[in-house]
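Work through the exercises below with the model open. Try each task before reading its solution.

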Amino acid sequence: MNATPLPRLSNSKARRLFLNKHGLCTPPKGNGKGDDLCAVFDQLGFVQVDSINTVARAHHMILAARRPAYKEKNLKLHLERDRLVFEHWTHDASIIPTKFFSHWQLRFERDRERLIKRWRNWHQNEFEQKLDDVLKRISDHGPVTSASVGEDENRSSGGWWEWHPSKTALEFLWRTGELSVCRRTGFQKVYDLTERVIPDGHRNTIHESEDTIDWAARSALSRLGFATSGEIAAFWDLISPQEAKTWCQNALADGTIVEAEIECQHGDFRRVFLFPETLAELDDLPEPPSRVRILSPFDPALRDRKRAERLFGFAYRIEIFVPEPKRRYGYYVFPVMEGDRLIGRIDIKAQRDKDRLQVRAYWPEEGVRASKGRLAKLEAELQRMARFSGCSDVGFDPGWQRNSDPAL
């Protein structure tokens, strides 16, 4: 007897489903503050934090791509006054809804054991002897930065592995939940006791590890639309690949999820899991807006580079750490989206001293024609991006329109 064939999602359907889950399949609108900003965080799950400020920092660009009216001060209020979001780790430093904080207890427990072993070997600076001192300093005198602890300790301008002991202790206490980031000064984290930062109801809620594993898997799959067990584990980076795999096996057996195949950009098919109700959504997916959007390299839709390449045929690499002569495009190049396609990448920089957003180069993807209409939409987005970055004008380098292959 032949097995029943799995449901198949065309590449177009898969792209639209994925973008719809990530808030990029509907016209960007909303005031980008208060409850509306909370809704963005709920939909995405988290927003990655990044320090590079070529145009604007990644977390601000991610939010503005979905809410053009968003202002940086709106996130500051959520983080520092209302405590609706908190800063911690997913796959990287991220801003996360505070209502999820209780599930981070599992991460705190696991990181405590893991980091003690690793940091003893890597830092070798006896940071454990500073833990009580740092906690007492904060308890007695209030929030600190890494610069305001361990003033009498040797400091280095080297990398993170050369942290002085009190800075290592500070980071350890944050990673394991005893401290929280209460605000940032510039981009420097300011730490306080978690009991002073996270509201009691979220801080004092305790989950069994099985409950957090189930929450992490369900909430990841609902935000991804479809995923393998490995992609489910990687979304929050809160549970192990084996835990996600076991959850998928059990959920498949009891009918909570089903298997399907998605068509990749190049015509091959990939087996994934999704919720049965997701299949019912496919015929009602909105038509993506035709406008052009410049995205952060750390946008949730692009965070998984392999998924972006499979779905969109868009191979993207951050070249910050690539020596300049070996860069294919540039130091920090932004992906460009039109509708449900990634149509190119653009090298732009806010030259605030000149009150100008400067366009250095734009490379369309292969097969993407630089029509007048498309260029007009790109220039309209550049004007929006200029205003968002605090500039009043857009400038263009000579020859800024490049070939799809930079080698040409």
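**Exercise 1: A long-range pair**

The side chains of Lys21 and Glu281 form a salt bridge, 3.6 Å from N to O. Find where each partner sits in the chain.

Solution. Start with the basis. This is a predicted model: local features need pLDDT of at least 70, side-chain atom pairs count only at pLDDT 80 or more, and totals for chains, interfaces and linings use all residues. Residues are numbered from 1 along each chain as its sequence is written, and side-chain values use heavy atoms, with hydrogens and water left out.

Apply the criterion: a salt bridge is a side-chain nitrogen of Lys or Arg within 4 Å of a carboxyl oxygen of Asp or Glu. Next, place the partners. Lys21 lies in helix H1 (residues 11-21) and Glu281 in helix H13 (residues 276-281). They are 260 residues apart, so the pair links distant parts of the chain. Helices (H or I, at least four residues) and strands (E, at least two) are DSSP runs, numbered from the N terminus. Now check burial: buried means under 20% relative accessible area, exposed over 50%, partly exposed in between (1.4 Å probe, protein chains only). Lys21 is buried at 19%. Glu281 is partly exposed at 29%.

**Exercise 2: Two further bridges**

Set out the salt bridge of Asp82 with Arg81, then that of Glu338 with Lys377.

Solution. Asp82 and Arg81 meet at 2.8 Å, N to O. Asp82 is partly exposed, with a relative accessible area of 33%. Arg81 is exposed at 57%.

Glu338 and Lys377 meet at 2.6 Å, N to O. Glu338 belongs to strand E10 (residues 334-338), Lys377 to helix H15 (residues 372-388). The pair links distant parts of the chain, 39 residues apart. Glu338 is buried at 10% relative accessibility. Lys377 is partly exposed at 26%.

**Exercise 3: The wider count**

How many salt bridges does a search of the whole structure find?

Solution. The search finds 33. Some join into a network: Arg107, Asp111, Arg114, Arg175 and Asp237 are linked by salt bridges.

**Exercise 4: The faces of H6**

Which residues of helix H6 (residues 131-141) are buried, and what do they pack against?

Solution. Leu131, Val134, Leu135 and Ile138 are buried. Seen down the axis of H6, they fall within an arc of 95°, so they line one face of the helix. The arc is that of the directions from the helix axis to the C-beta atoms. An α-helix has 3.6 residues a turn, so residues three or four places apart point the same way.

The buried residues of H6 pack against helix H7 (165-175), strand E5 (179-185), strand E6 (188-193) and helix H8 (194-197). Contact means heavy atoms within 4.5 Å. Turned away from the buried side are the exposed residues Asp132, Lys136 and His141. Just after H6, Gly142 takes a positive phi of about 95°.
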